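Colleague: I'm new to this one and would like a close look at a single part. Could you walk me through it slowly?

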Amino acid sequence: MVGRFGCLFAGCCYGKAVSAPHWWTVTFTDPFAAANVGTPLNVPLYPTQIFEAGAELLILIALLSTERKGRSFPGRTFWLYMLLYAISRFIIEFYRGDERGAVGMFSTSQFISIMLAPLAIVMLVYLSRAKAPEPKRARKAA
């Protein structure tokens, strides 16, 4: 979440142009941002860095609020994070304007998200059904 604010301040990971400026758009004016990462200047853009930071904050809140609820199992928090991040990143990528590469009709990040979300679901189901290992007992000293 904090890293995306760094992106906002640097002008990288910027969004697509918006036809008319709104209160929620961001407009970069520093020539360093244009020279550094090709950020369009004086054009209202979707604030994708803020979208991403907000999504990460919501994911954090969701993970913390569910941490002690339900049946816990090893890997649950990790794979739930992977699932939620894949979903949020897939959606936010539609609003990104910077060049990130493509795999077919999707950005590289969307393609990875398409692979990651089903994997996360499979792992969550598998791990939730797996029998928890028995704790090892300490041997008695002779």
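Colleague: Let's begin with a cysteine: is Cys13 buried or exposed? After that, please take me along helix α4 and the charged residues that follow.

Modeller: Happy to, and keep in mind that this is a predicted model. Cys13 is buried, with a relative accessible area of 15%. Cys7 counts as buried too, at 12% relative accessibility. You might wonder about a bond between them, but the sulfur of Cys7 sits 3.6 Å from that of Cys13, its closest cysteine sulfur, and that is too far for a bond, because a disulfide needs the two sulfur atoms within 2.5 Å. Cys13 is therefore in no disulfide, and searching the whole structure turns up zero of them.

Now for helix α4, which runs through residues 76–92. Its 17 residues should span 24 Å at 1.5 Å a residue, and the C-alpha atoms at its ends are indeed 24 Å apart, so expectation and model agree. Which of its residues are buried? They are Arg76, Trp79, Met82, Leu83, Tyr85, Ala86, Ser88, Arg89 and Ile92. An α-helix has 3.6 residues a turn, so residues three or four places apart point the same way. As for what they touch, the buried residues of α4 pack against three other helices: α1 (2–10), α3 (48–66) and α5 (108–129).

Keep your eye on Arg89, since it leads us to the charged residues. Side chains of opposite charge can pair when their charged atoms come close. Here the side chains of Arg89 and Glu93 meet in a salt bridge, at 2.8 Å from N to O. Both Arg89 and Glu93 are buried; for Glu93 the relative accessible area is 3%. Glu93 also has a salt bridge with Arg96, this one at 3.2 Å, N to O. Arg96 is buried as well, with a relative accessible area of 7%. From there the side chain of Arg96 meets that of Asp98 in another salt bridge, at 2.9 Å from N to O, and Asp98, like Arg96, is buried.

Put those pairs together and you get one network: salt bridges with shared partners join Arg89, Glu93, Arg96, Asp98 and Arg100. If you're keeping a tally, the structure holds five salt bridges. To follow the path on your screen, start at Arg89, one of the buried residues of α4, step to its partner Glu93, go on to Arg96, and then move to Asp98.

Methods: Residues numbered from 1 in each chain as written. Predicted model: local features only at pLDDT ≥ 70, side-chain atom pairs only at ≥ 80, totals over all residues. Heavy atoms only, no water. Helix = DSSP H or I, 4+ residues; strand = E, 2+ residues; numbered from the N terminus. Expected span 1.5 Å × (residues − 1). Buried < 20%, exposed > 50% of the residue type's maximum accessible area, 1.4 Å probe, protein only. Contact = heavy atoms within 4.5 Å. Salt bridge = Lys/Arg side-chain N within 4 Å of Asp/Glu carboxyl O.
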